[in-house]
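Subject: A structure for you to look at

Hello,

Here is the structure I promised to pass on. Please open it first, and then read my notes beside it.

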Amino acid sequence: PPPGWSDFSLKVVFPTRQGSFEHIWVSNVESSGSEYIGIVGNDPYNVEGLKYGDPIKIKIVDITDWQYIKHGKRMNLMKS
């Protein structure tokens, strides 16, 4: 990333036990070819087998939002 840019996070959609979906933040994001890897950044409510701090692989199609810090200001898909 350019100087002054940091703390990249992705919001990722996961299927729940009830058959709906939950959006969860993933931090420490790194690119790995056609997918990303990262760490679950908040406690899931209804996603079985997933918890805060777990390492995960992320498919690009499952990304629903993103954010990062640019020179001290939070930037995201909705406000950047």
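Let me start with one residue and work outwards. Setting aside residues up to four places away in sequence, Ser9 touches Trp25, Val26, Ser27, Val29, Trp66 and Gln67. Please keep in mind throughout that this is a predicted model. Ser9 belongs to strand β1, and its relative accessibility of 13% makes it count as buried.

**The sheet**

How are the strands ordered? There are 6 of them in an open sheet, running β4-β3-β2-β1-β5-β6, with antiparallel pairing. The edges are taken by β4 (55-59) and β6 (73-76); each has a single partner strand, so one side of each has no neighbour in the sheet. From one strand to the next, the twist averages 35°.

Towards one edge, β3 (residues 35-40) and β4 run antiparallel and are joined by 5 bridges. Here Glu35 stands opposite Lys59 in β4. Towards the other edge, 4 bridges connect β5 (residues 63-70) with β6, again antiparallel. Tyr68 has Met75 in β6 as its bridge partner.

**Two faces of β4, and the core**

In a regular strand, side chains alternate between the two faces of the sheet. Strand β4 is a good place to look at this: Ile56 and Ile58 make up its covered face, while Pro55, Lys57 and Lys59 make up the uncovered one.

Ile56 and Ile58 also appear in the largest nonpolar core, which has 10 residues. The other members are Leu10, Val12, Phe14, Ile24, Val26, Val40, Val47 and Leu50. Strands β1 (5-15), β2 and β4 are the elements that give two or more residues to this core, and β1 has the largest share, with 3 residues.

If you want to see the surroundings of one core member, try Val40. Leaving out neighbours within four places in sequence, Val40 is in contact with Ile24, Trp25, Leu50, Lys51, Tyr52, Gly53, Asp54 and Ile56.

**Salt bridges**

How many salt bridges does the structure hold? There are 2. One is between Glu35 and Lys57, whose closest N and O atoms are 4.0 Å apart. Glu35 sits in strand β3 and Lys57 in strand β4, so this pair ties together parts that are 22 residues apart in sequence. As for their surroundings, Glu35 counts as partly exposed, at 22% relative accessibility, and Lys57 is exposed, with a relative accessible area of 62%.

The side chains of Asp54 and Lys51 form a salt bridge too, at 3.0 Å from N to O. Is each partner buried or exposed? Asp54 counts as buried, at 14% relative accessibility, whereas Lys51 counts as exposed, at 51%.

While you are looking at Glu35, have a look at Glu30 as well. Glu30 lies in strand β2 (residues 21-32). Apart from neighbours within four places in sequence, Glu30 is in contact with Glu35, Tyr36 and Ile37. From Glu30 to Lys57 the C-alpha to C-alpha distance is 9.7 Å, and the two residues are 27 residues apart in sequence.

**Aromatic rings**

A pair of aromatic rings is described by the distance between the centres and the angle between the planes. The count here comes to 3 aromatic pairs. Trp5 and Tyr68 are one of them: this pair is stacked, with 4.8 Å from centre to centre and 20° between the planes. Trp5 is in strand β1 and Tyr68 in strand β5, 63 residues apart, and the pair links these distant parts of the chain. Trp5 counts as partly exposed, at 27% relative accessibility, but Tyr68 counts as buried, at 10%.

Tyr68 also pairs with Trp66: their ring centres are 5.5 Å apart and the planes are at 15°, so the pair is stacked. Trp66 counts as partly exposed, at 27% relative accessibility. Together, Trp5, Phe8, Trp66 and Tyr68 form one aromatic cluster. That brings us back to where we began, as Trp66 is also one of the residues that Ser9 touches.

Enjoy exploring it!

Best wishes

Technical notes
Residues numbered from 1 in each chain as written. Predicted model: local features only at pLDDT ≥ 70, side-chain atom pairs only at ≥ 80, totals over all residues. Heavy atoms only, no water. Pairing = 2+ DSSP bridges. Axes fitted to C-alpha atoms, helices over the stretch in contact; angles between N-to-C directions. Contact = heavy atoms within 4.5 Å. Buried < 20%, exposed > 50% of the residue type's maximum accessible area, 1.4 Å probe, protein only. Core = buried A, V, L, I, M, F, W, Y, C linked by side-chain atoms within 4.5 Å. Phe/Tyr/Trp six-rings, centres within 6.5 Å; stacked < 30°, edge-to-face > 60°.
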